[in-house]
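Subject: Structure handover

Hello,

Here is the structure I said I would pass on. Please open it and keep it beside this message while you read.

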Amino acid sequence: MGEDKDINNRKEDKDSSANEFSQGRRDALKVIATVPVLGAMAYGVYRKKKAENTNRNAAEMFRFGSKVAPYSPTSSDAQVIRVGIIGFGIRGTQLMQGLGFATPEYVENLIEQSRINSANTRYQDFVEQEDLRVEITAVCDIFDTYAEAAVNAGANIHREGVGGTLGSKPRRYRHYKELLAAPDVDAVVIASPDHWHGTMAMDALRAGKHVYLEKPMTWTVPETYELRSLSRSNPHLVFQLGHQNRQIEAYERARQIIEKGLLGRISLIETGTNRNDPNGAWVYPIHKDANPKTIDWKQFEGDPDRIKEYMDYMTSAGLSEYVGPESRDKFSLERFFRWRCWWDYSTGLSGDLLTHEYDAMNQILHLGIPSSASSSGGVYFFKDGRTVPDVLQTVFEFKERELTMLYSATLANQFSRSRKIMGHDATMEVGNTLAVTVDPRSEQYRTQIEQGVVKPGEPFYTYIPGQSVDAVSTATERYFAERGLLYSFIGGKRYNTTFLHLKEWLECIRNGTQPSCSIDQGFEEAITAHMGTRAYMEGRTMYWDKDKEQITRE
């Protein structure tokens with residue numbers, strides 16, 4: 001019966017198309033008849049103008065007034081903010097550079113790269129990067145070599161290479177609490193390992209410091225609530241979570257497209273992370289200077305209260321297989337430099353990479369916390385003793401929105417996959433650019449499809465705010481560039497997104513306003529990631545009780 005009905009429908013569509021063609025032919029003859037000499041040519045002009053008008057009307061749907069604020073340079077007489085840096089590893093180094101400070105060796109390397117390749121503009125970009133009116137007064141890292149590098153970076157106020165003139169050196173603190181107690185520190189940038197994020201952020205707020213905290217926001221679920229409560233009770237202190245994708249211009253256009261309903265009813269989001277090299281899988285090199293004398297292992301182990309929360313959960317849920325296998329007090333260079341590979345210090349793929357994808361979609365769609373999360377995966381490729389998975393799939397359901405978000409990741413294949421927001425009428429691919437492809441079964445664009453204005457299956461609308469990923473070499477860097485996590489464009493000019501995110505935080509401190517990724521967005525990110533992690537560990541679907549604000553098992 002269903003097949004007969006479908007055949008009849010197709011026949012009716014065919015008959016309708018034939019009638020429309022016949023009617024169109026009669027209209028054409030009428031038009032030609034009214035033009036005594038140049039009938040055929042006149043009709044051709046008529047048809048061309050009609051098509052142009054139709055195409056213009058279709059394009060009008062994708063015209064937007066820009067809501068992206070024009071770039072506003074920091075005033076030369078703006079308040080100087082005294083900043084302390086906690087953690088000067090991979091991300092801490094990048095954040096310091098975003099503030100305008102780098103080691104002379106790093107700058108020297110940029111100079112050399114520009115000599116080798118004139119198309120490499122990183123040195124020029126860094127030297128010309130705006131002065132954010134920041135003074136690095138204090139640094140803290142528990143590895144002596146990193147701490148010394150942080151001191152030299154903070155003193156490199158002229159952004160010069162080796163042999164340049166340094167300014168006053170920031171003070172090095174051996175314990176982060178000593179830095180927080182310093183009277184010449186107004187704000188802190190925290191880039192420690194995941195298991196220290198929440199603790200350090202709370203201690204900073206208690207010390208009266210503004211906080212820029214790298215993602216993910218927290219390591220345990222209980223501290224997530226505690227940090228939110230503490231931040232809300234200190235509204236005069238500006239908290240910014242380090243999701244630099246909040247600065248991507250293309251995301252604002254994506255939000256506008258969805259707001260206008262141009263994708264139709266959205267039911268599915270597909271996103272993920274693909275990498276395929278040791279660096280992308282967190283197998284970072286071990287520094288030659290590292291040893292028990294140059295590393296404060298006791299401080300690395302973690303805050304006792306947070307460790308107890310972690311162990312209480314692991315014990316109560318029967319997850320001892322994910323703890324250790326080495327004790328926390330056993331010195332390990334592998335664990336110190338590759339801590340992301342163990343749950344003892346890490347939040348795994350959920351906290352490290354999934355949070356980027358979730359926050360991007362939350363920014364565009366205002367998703368909030370999912371109603372449920374289900375995860376699967378395992379350690380399939382990197383058999384190096386790690387306990388966090390190198391392959392992960394997590395499905396988040398947003399029941400009230402009748403929407404599902406699928407995240408999948410592998411650290412053993414780098415096939416490029418775009419983020420897709422899939423609506424009934426069109427699909428939008430989101431990265432450092434946007435592309436909208438109309439669905440063949442679209443009802444909203446049916447007329448344009450029939451008139452040949454829109455070709456289903458091909459990008460109908462593409463938004464390119466600017467593209468330049470020169471000097472992007474590694475698979476990890478390429479991934480971040482494609483995701484728009486390295487650069488954004490404002491007024492056609494390229495800016496480093498980390499620089500923009502830090503600049504926003506600093507301006508909020510000066511103006512007493514709230515940034516784009518404050519504690520509320522951070523809470524949504526943290527709970528979502530924890531739901532995905534617990535679903536993986538426990539092998540069951542985890543739920544969010546919206547009224548009680550609790551993660552539950554049913």
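Ring pairs join F143, Y146, W297, F300, F331, F336, F337 and Y345 into a cluster. Keep in mind that the model is predicted. Across the structure there are 21 aromatic pairs.

Two of these pairs can be looked at one by one. Y225 and F523 sit edge-to-face, with 5.6 Å from centre to centre and 70° between the planes. This pair links distant parts of the chain, since Y225 belongs to helix α9 (residues 221–232) and F523 to helix α18 (residues 519–538), 298 residues apart. Y225 has a relative accessible area of 25%, so it is partly exposed. F523 is at 4% relative accessibility and therefore counts as buried.

F381 and F382 also form an edge-to-face pair, with 5.0 Å between centres and 75° between planes. Is each ring buried or exposed? F381 counts as exposed because its relative accessibility is 52%, and F382, with a relative accessible area of 12%, is buried.

Next, the sheet. It is open and has 10 strands, in the order β14-β13-β12-β11-β7-β10-β9-β8-β17-β18, and the pairing is mixed. Which strands stand at the edges? They are β14 (459–463) and β18 (550–552); each has a single partner strand, so one side of each is left without a neighbour in the sheet. From one strand to the next, the twist averages 15°.

At one of those edges, β18 pairs with strand β17 (residues 542–545) in the antiparallel sense, over three bridges. T552 in β18 is the bridge partner of Y543. Helix α14 (residues 348–365) packs on the sheet and touches β7 (266–274), β9 (391–398), β10 (403–410), β11 (419–423) and β12 (426–430). The direction of α14 makes about 145° with that of β10.

Last, helix α17 (residues 497–511). Its 15 residues reach 21 Å from the first C-alpha to the last, close to the 21 Å expected at 1.5 Å a residue. How many of its residues are buried? The count is 12 of 15, so α17 is mostly covered. Among the buried ones are F499, L502, W505, L506 and I509. At the start of α17, a side-chain oxygen of N496 comes to within 2.8 Å of the backbone nitrogen of T498. Just after the helix, G512 takes a positive phi of about 70°.

Regards

Key:
Residues are numbered from 1 along each chain as its sequence is written. This is a predicted model: local features need pLDDT of at least 70, side-chain atom pairs count only at pLDDT 80 or more; totals for chains, interfaces and linings use all residues. Side-chain values use heavy atoms; hydrogens and water are left out. Two strands pair if DSSP finds at least two bridges between them. Helices (H or I, at least four residues) and strands (E, at least two) are DSSP runs, numbered from the N terminus. Axes are lines fitted to C-alpha atoms, for helices over the stretch in contact, and angles run from 0 to 180 degrees between N-to-C directions. Contact means heavy atoms within 4.5 Å. The expected span of a helix is 1.5 Å times one less than its number of residues. Buried means under 20% relative accessible area, exposed over 50%, partly exposed in between (1.4 Å probe, protein chains only). A polar contact is a pair of N or O atoms within 3.5 Å; within protein, one must be able to donate a hydrogen and the other to accept it, and residues adjacent in sequence count only if both atoms are side-chain atoms. Rings of Phe, Tyr and Trp (its six-membered ring) pair if their centres lie within 6.5 Å; planes under 30 degrees apart count as stacked, over 60 as edge-to-face and the rest as tilted.
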